[in-house]
Amino acid sequence: MATRWGLCGAGKISHDFSVAMKTLPPGDHQIVAVAARSLERAREFAKKHSIPKAYGSYEELASDPEIDMVYLGVLHTEHWRLGLLVLHAGKNMLCEKPFAMNSREVGDLIAASKKSNVFLMEAIWSRCFPLHREVRRLLAEDAIGDVKLVKASFGSPQLHIPRSVEKELGGGALLDIGVYTLQFVLMVFNGERPESIHATGVLLNSGVDESMVVVMKFPRNRLAFCFFSITVSLPNDATISGTKGTIRVLGPMHCPTTLEVNGKATQYPLPEPSLPLNFTNSTGLRYEAEEVRQCLLKGLKESPRMSQADSLLLAEVMEEARRQVGVVYSQDRQ
């Protein structure tokens, strides 16, 4: 039986997700419905992607009995509200990153999934890429000895994009792209909590972070260094330095295709898209969709690649970085 998907949101990421799904066997995955705030927009999207059902409200999608899994691809300021709607309706959910605006909201979503006994995963798609599976395998085998330092960067000029700069839209470098560098570090250190977090940054007039540097110290004298910006381009790569060698994930580190181990490169090519994409390497969204399917087939309620504990820790680290830099959203005051 195919996993039947419902898309909550008909924006750019849902478009790319739909295109990525076309690279998977139709016997395994089918998008059966899409919902948007307006029925006209949902119908337009459904026509473009050959999706049988279009809804003009998210409530209708959440109550559709023919949907196995909801992909929540709306603005992250809405993840908490709409996520709770989907989970309370008893639906499994893959929620776009960042999971929510803060750790309180993330905790609420996790609690709702447990209460409804449904699957819930934050869509940190990077962790499902074949290249990142190989990184985890190499680390498990101590291929580069004891890891001492992890460095990750992500910079992309986005000051012209309202959702990147406006506080009420959840703007800022950290929640949009910095999240990828931090999740990489936490993946390398296997979900360990950092002993200390030191963050410094520069804010835009809107009160969100334009650029930030986060340094973390982990038990056994291990360090991590992340820097990210929505003003300038950066290498967008990641390096893991160990006592016996180095692993480099070449840019774009959040959706990578080139891995370098002690200078030797390996390629992990992606399938070609059938329609133009909005974001880099988006056919790689196929990997998280397949991860979700495999979890459902095994009866799991969360993914071992990005567990709910991983998501909560990531949210807590981001919250502490924001506190030190002085980024406060309205959601933090509730």
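**Strand β5 and its neighbours**

In this predicted model, residues 4-121 are 42% helix and 22% strand, and the end C-alpha atoms of the span lie 16 Å apart.

Biologist: Which feature does UniProt place at residues 4-121?

Modeller: The record behind this span is an unreviewed entry. In that entry, residues 4-121 carry the label "domain: Gfo/Idh/MocA-like oxidoreductase N-terminal".

Biologist: How many residues of strand β5 are buried?

Modeller: Buried here means under 20% relative accessible area. On one side of β5, Asn92, Leu94 and Glu96 are buried, and on the other side Met93 and Cys95 are buried too. Both faces are therefore covered by that cut-off. For β5, residues 92-96, the count is 5 of 5.

Biologist: Which residue of β5 stands opposite leucine 72?

Modeller: Strand β4, residues 69-72, pairs with β5 in the parallel sense over 4 bridges. Opposite leucine 72 in β5 stands cysteine 95.

Biologist: Is the crossover from β4 to β5 right-handed or left-handed?

Modeller: Between β4 and β5 the chain passes through helix α4, residues 79-88. This β-α-β crossover is right-handed.

Biologist: What is the bridge partner of methionine 93 in β6?

Modeller: Strand β6 covers residues 120-123 and runs parallel to β5, with 4 bridges joining the two. Methionine 93 is one of the buried residues of β5. Its bridge partner in β6 is leucine 120.

Biologist: Which helix makes a β-α-β unit with β5 and β6?

Modeller: The unit is right-handed. Its helix spans residues 103-116 and is α5.

Technical notes. Residues numbered from 1 in each chain as written. Predicted model: local features only at pLDDT ≥ 70, side-chain atom pairs only at ≥ 80, totals over all residues. Heavy atoms only, no water. Buried < 20%, exposed > 50% of the residue type's maximum accessible area, 1.4 Å probe, protein only. Pairing = 2+ DSSP bridges. Right-handed = clockwise from strand over helix to strand, strands pointing away. UniProt positions renumbered as here; feature names shortened; annotations may be inferred.
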